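Biologist: I have a protein model open and would like to know how the words used for it are justified. Could you take me through them?

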Amino acid sequence: MWWACWRNPGVVSFKPSSVASGSVVPALTRPQLAEARRVRAAELFEQGRSSAEIARMLEVSDESVRRWKRVWEEGGADALRRRPATGRPAKLDDARVEQVRTALEQGAPAHGFEADLWTLERVGLVVERVTGVSLSRASVWRLLTVRLGWSLQRPERRAVERDAEIARWIAHEWPRIKKGR
């Protein structure tokens, strides 16, 4: 789980999410989906559809549709679009995030770490080396999961020799045991 990285930073790693390269379209984020739903509602308002019908079509509550309709009547379809987030600007702009992505994709050994395993501390060190910006653990987590799209990975807890021994047993022991029947 995500909280394990806070307790035991050495037992978790981060890898890019498995999005196949090529012509695959990335999935919309929740805010993008919500905006698309509101914009579709605006189109349906213009067609004169009822609130109950729109709620059924978009699979939302009647109250949400009524709220969107009030906003739409006051400000039009643009009023239902997302607004830029307010608050403090990010420490890393998009160009720096791409620098970090490139550095992380080189792997941990390329940055002097023994195992090819990314922890929050290691990523924080690489971010500081590459960009000169020091991030907290929470900010490193957000960078990895939100901005880079990476996900938490847990290493398997079994010996590498186990697979070879199982293959040997299946190839040699199992046929011998099966013949004995």
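Modeller: Gladly! Helices here are DSSP runs of at least four residues, and strands are runs of at least two, numbered from the N terminus. By that rule the protein chain of this predicted model has 8 helices and 2 strands. From the N terminus on, their order is α-β-α-α-α-α-α-α-β-α.

Biologist: Why is His111 called buried?

Modeller: Buried means under 20% relative accessible area. His111 has 18%, so His111 counts as buried. In the protein chain, 28% of the 181 residues count as buried.

Biologist: And what makes Asp116 partly exposed?

Modeller: Partly exposed covers the range between under 20% and over 50%. Asp116 has a relative accessible area of 45%, so Asp116 is partly exposed. His111 lies in the loop between helix 5 and helix 6, and Asp116 lies in the loop between helix 5 and helix 6 too.

Biologist: How do you know that a polar contact joins the side chains of His111 and Gln106?

Modeller: A polar contact needs a pair of N or O atoms within 3.5 Å, with one able to donate a hydrogen and the other to accept it. The contact between the side chains of His111 and Gln106 is 3.5 Å, so it fits that limit. Asp116 has a neighbour to look at as well: a polar atom of its side chain lies 3.1 Å from the backbone nitrogen of Ala108.

Biologist: Which residues does Leu104 touch, leaving out those up to four places away in sequence?

Modeller: Leu104 touches His111, Trp118, Val123, Val126, Leu144, Leu148 and Trp150. Touching here means heavy atoms within 4.5 Å.

Biologist: What makes a group of residues a nonpolar core?

Modeller: The members must be buried, come from a set of residue types that includes Leu and Trp, and be joined through side-chain atoms within 4.5 Å. The largest nonpolar core has 20 residues, and Leu104, Trp118, Leu143, Leu144 and Leu148 touch the most other members. Helix 5 (94-105), helix 6 (120-131) and helix 7 (137-147) each give two or more residues to this core. Apart from it lies another core of 11 residues, including Phe45 and Trp68.

Biologist: What lines the largest pocket?

Modeller: Its lining has 14 residues, and Arg88, Pro89, Ala90, Lys91 and Arg142 lie nearest the centre. The lining divides into 7 nonpolar, 3 polar and 4 charged residues. Arg and Lys count as charged, while Pro and Ala count as nonpolar. The volume of this pocket is about 440 Å³.

Notes
Residues are numbered from 1 along each chain as its sequence is written. This is a predicted model: local features need pLDDT of at least 70, side-chain atom pairs count only at pLDDT 80 or more; totals for chains, interfaces and linings use all residues. Side-chain values use heavy atoms; hydrogens and water are left out. Buried means under 20% relative accessible area, exposed over 50%, partly exposed in between (1.4 Å probe, protein chains only). On a 1 Å grid over the protein atoms alone, a cavity is a set of points where a 1.4 Å probe fits but cannot get out, and a pocket is an open set with protein on both sides within 12 Å along at least five of seven lines; lining residues have an atom within 4 Å of a point. Grid points are joined across faces, edges and corners, and a volume is the space filled by probe spheres set on the points.
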